[in-house]
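Me: I am new to this structure and would like to go through it step by step. Could you show it to me before I begin asking?

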Amino acid sequence: MSAIHPTVSPSQDPRPGTPQPAARRRLPAVLAVTVAAALAASAWDAKDPTTWLLETVWVMVGLPLAILLRRRFPLSGLLCALLAAHALVLIVGGHYTYAEVPAGNWARDWFGLERNPYDRFGHLMQGFVPAVLVRELLVRTSPLRDSRWLAPLTVCACLAFSAVFEMLEWAAAVTGGQAADAFLATQGDVWDTQWDMFCALIGATCSVLLLSRPHDRSLTHLTLPVRD
């Protein structure tokens, strides 16, 4: 019987089945319930039901997928927490629309900005959180664990996803016309697409620089299934 080992050095590698603190074991379940409750609440009296659906569909797909794969491919605690935070950002943006999130309006008025900055924050998160997801997938399923290419390829993958997302927004604009304005959240900025991708690039780069070591430590606490 051979075990699937976590992607850390052998000296730090916990044996599969090593007991974990109860709080750590419960964390994914608590986060999943929190996100599910927030998603359900956000549907109530959403400002634009179509925008709500388009913004939260990632949560509707991602949450069940993570639950279904929790035994075959459990995620690190750090990644679970970041994915939950990202889901809440999407949920809030879907409920109010990104251009009208109250916290963004407050920031706009407080700092004298020309537009609600919540959309920019959302795209920073679009790079910051997926960077850890991509890194975890590459570290655990590819030969890149100790490669110097791990960081740049992680950032490139996030930037590619951001570009794909912008093309989806373009398709929504072509299909929906003015009805898609709330989803696009351009707020009159002709360079909004470029800014969105740039924010995702900044988010991914900061994530790799700041979270690589904490992510490695989180992986050492990950108890993986045993394969016969």
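Me: What percentage of the 228 residues of the protein count as buried?

Reply: This is a predicted model, and the value is computed from it. A residue counts as buried when its relative accessible area is under 20%. Of the 228 residues of the protein, the share that meets this description is 37%.

Me: How much area does the protein expose, and what part of it do carbon and sulfur atoms supply?

Reply: The exposed area of the protein comes to about 13,200 Å². Of this area, the part supplied by carbon and sulfur atoms is 67%.

Me: How many helices and strands are there in the protein, and what pattern do they follow along the sequence?

Reply: The protein has 8 helices and 2 strands. Read along the sequence, these elements give the pattern β-α-α-α-α-α-α-α-α-β.

Me: Are helix 2 and helix 3 roughly parallel or roughly antiparallel to each other?

Reply: Two packed helices are described by the angle between their axes and the distance between the axes. For helix 2 (residues 49-68) and helix 3 (residues 77-96), the axes lie 8 Å apart and the packing angle is about 170°. Angles over 145 degrees count as roughly antiparallel. Helix 2 and helix 3 are therefore roughly antiparallel.

Me: Which residues make the contact of helix 2 with helix 3, and how many are nonpolar, polar and charged?

Reply: Helix 2 contributes T51, W52, E55, T56, W58 and V59, while helix 3 contributes A87, L90, I91, G94 and H95. Sorted by class, the residues in this contact are 6 nonpolar, 4 polar and 1 charged.

Me: How is helix 3 oriented to helix 8, and which residues of helix 8 make the contact?

Reply: The axes of helix 3 and helix 8 (residues 192-220) come within 7 Å and cross at roughly 120°, and that crossing makes helix 3 oblique to helix 8. By class, this contact has 4 nonpolar, 3 polar and no charged residues. On the side of helix 3 it involves G77, L78 and L82, and on the side of helix 8 it involves L211, P214, H215 and S218.

Me: Is H123 buried or exposed, and which residues is H123 in contact with, leaving aside its neighbours within four places in sequence?

Reply: H123 is found in helix 5 (residues 118-141). Its relative accessible area is 4%, so H123 is buried. Leaving aside neighbours within four places in sequence, H123 is in contact with F165, E166, E169, D196, C199 and A200.

How values were computed
Residues are numbered from 1 along each chain as its sequence is written. This is a predicted model: local features need pLDDT of at least 70, side-chain atom pairs count only at pLDDT 80 or more; totals for chains, interfaces and linings use all residues. Side-chain values use heavy atoms; hydrogens and water are left out. Helices (H or I, at least four residues) and strands (E, at least two) are DSSP runs, numbered from the N terminus. Buried means under 20% relative accessible area, exposed over 50%, partly exposed in between (1.4 Å probe, protein chains only). Contact means heavy atoms within 4.5 Å. Accessible areas come from the Shrake-Rupley method with a 1.4 Å probe; for residues, only the protein chains shown count as cover. Axes are lines fitted to C-alpha atoms, for helices over the stretch in contact, and angles run from 0 to 180 degrees between N-to-C directions. Angles under 35 degrees count as roughly parallel, over 145 as roughly antiparallel, 65 to 115 as roughly perpendicular and the rest as oblique. Ala, Val, Leu, Ile, Met, Phe, Trp, Tyr, Cys and Pro count as nonpolar, Asp, Glu, Lys and Arg as charged, and the others, Gly among them, as polar.
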